[in-house]
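Me: Got a minute to go through this one with me? I'll put it up here and then start asking.
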Amino acid sequence: MVKDKAWVIVVNPHAGSGSAGRRWSDIEPLMKVCDIDYVIANTDCMYHATEIAFKAASDGYRRFMAVGGDGTIHEILDGIMSFREDCLTKKIPVNLSQFVIGVFSSGSGNDWGKVHGIPSGIPEVISLMQDESFAFQDVVKISLLDSGNENLVLKKSYMVNIAGAGFDACVCERVNNMKKHGEKGKMLYVKSLVRTLFRYRPGRAAVFCDGRLLFDGNMLSVSLGTGKYSGGGMLQTPDAVLDDGLTDVTVIPSLSMMKIVREVPKLFSGEIKKVKELVFGRAAKVFIRSCEDGQGLLVEADGEIIGTAPASFEVMDEKIGVLHNNAVLC
């Protein structure tokens with residue numbers, strides 16, 4: 001039985017270096033005062049939010065709120081998509097547009113919530129929930145492929161904001177390791193970016209957009225976005241549109257250290273397209289292949305490491321419902 005109005009609140013007590021758990025203690029009393037129908041589930045390890053979302057969707061729930069960061073949203077999405085695939089296998093009709101995801105931002109980056117204009121104040125977020133202030137946005141299916149047989153899918157994942165490969169993914173991996181060791185704060189991504197710069201060695205890779213070669217050469221990083229923000233406010237895909245059925249692509253070739261340091265501020269100002277060496281594309285389907293023998297190109301989605309290239313990124317036909325401040329344009 002579908003529970004149309006009830007919310008599943010997924011609390012990641014470790015997000016934001018523990019701030020998400022404390023934030024929930026402020027959220028819950030207001031949820032009760034506002035008479036919002038909800039159930040709560042706490043995560044206790046990686047991928048637990050995916051399990052929670054899958055089971056909740058199987059039990060008929062269609063609305064999900066994360067108390068956490070972009071990683072929690074990513075895991076919830078993977079759970080919903082696993083449920084949808086299970087339904088398709090069993091020939092049970094289900095449409096992605098039936099679902100709504102939202103967030104009480106409590107992570108380190110909170111980039112996805114920023115795209116949707118989700119306020120930081122708890123009463124304001126609850127007001128959006130009460131008003132059913134929803135929009136629809138694209139979901140990108142990511143297929144990690146076997147390097148020896150690119151027709152063989154090893155793993156699937158999904159994204160609602162930004163994915164990346166190469167340097168971008170290594171920065172995310174370092175950020176996640178820093179969090180595990182107790183580091184926190186809005187400068188985590190900047191610190192990680194600087195530290196990774198001095199260790200990362202670009203490799204040769206090829207990027208295809210809708211079957212056409214966009215780039216082939218020594219590559220520092222490639223970013224793919226339906227959203228604009230990543231890494232706590234960086235604008236790697238500044239012109240991305242959430243619901244246009246396309247993903248924006250930014251390829252950063254191998255550049256000198258001096259050039260990189262000089263151009264880094266453009267990542268935050270939205271002027272990255274002024275860097276003439278960069279390559280830009282837009283497509284419904286993107287394919288990335290590492291051209292380095294035996295060297296996997298690390299891939300991340302919404303800040304979470306999911307595996308290595310080769311990988312395909314395909315915008316799905318269906319869109320998912322999202323909590324959205326309708327005073328903000330997508």
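Me: What's the phi like at Lys 91, after α3?
Reply: This is a predicted model, and in it the phi of Lys 91, which follows α3, is positive, near 60°.

Me: And how far does helix α3 reach from its first C-alpha to its last?
Reply: 29 Å, close to the 28 Å expected at 1.5 Å a residue. The helix covers residues 70-89, 20 residues in total.

Me: Is α3 mostly covered or not?
Reply: Mostly covered, with 15 of the 20 residues buried.

Me: Glu 75 sits in that helix. Which side chain of opposite charge is nearest to it?
Reply: Lys 155, but that one is 9.9 Å away. Glu 75 has no salt bridge, yet it is buried.

Me: What is Glu 75 in contact with, then, leaving aside neighbours within four places in sequence?
Reply: Met 46, Tyr 47, His 48, Ala 49 and Thr 50.

Me: Switching to α5. Which residues are buried there?
Reply: In α5, residues 122-130, the buried ones are Ile 122, Val 125, Ile 126, Leu 128 and Met 129.

Me: Why do they line one face of the helix?
Reply: Looking down the axis of α5, the buried residues fall within an arc of 155°, so they line one face.

Me: What does phi do just after α5?
Reply: Glu 132 takes a positive phi there, about 50°.

Me: Last thing, confidence. What's the mean pLDDT, and which elements have the lowest and highest?
Reply: The protein's mean is 89, with 91% of residues at 70 or more. Among the elements, helix α7 (residues 188-197) has the lowest mean at 73, and strand β13 (residues 279-283) the highest at 98.

Key
Residues numbered from 1 in each chain as written. Predicted model: local features only at pLDDT ≥ 70, side-chain atom pairs only at ≥ 80, totals over all residues. Heavy atoms only, no water. pLDDT = per-residue confidence, 0-100. Helix = DSSP H or I, 4+ residues; strand = E, 2+ residues; numbered from the N terminus. Expected span 1.5 Å × (residues − 1). Buried < 20%, exposed > 50% of the residue type's maximum accessible area, 1.4 Å probe, protein only. Lys, Arg positive; Asp, Glu negative; His and termini not counted. Salt bridge = Lys/Arg side-chain N within 4 Å of Asp/Glu carboxyl O. Contact = heavy atoms within 4.5 Å. Arc of directions from axis to C-beta.
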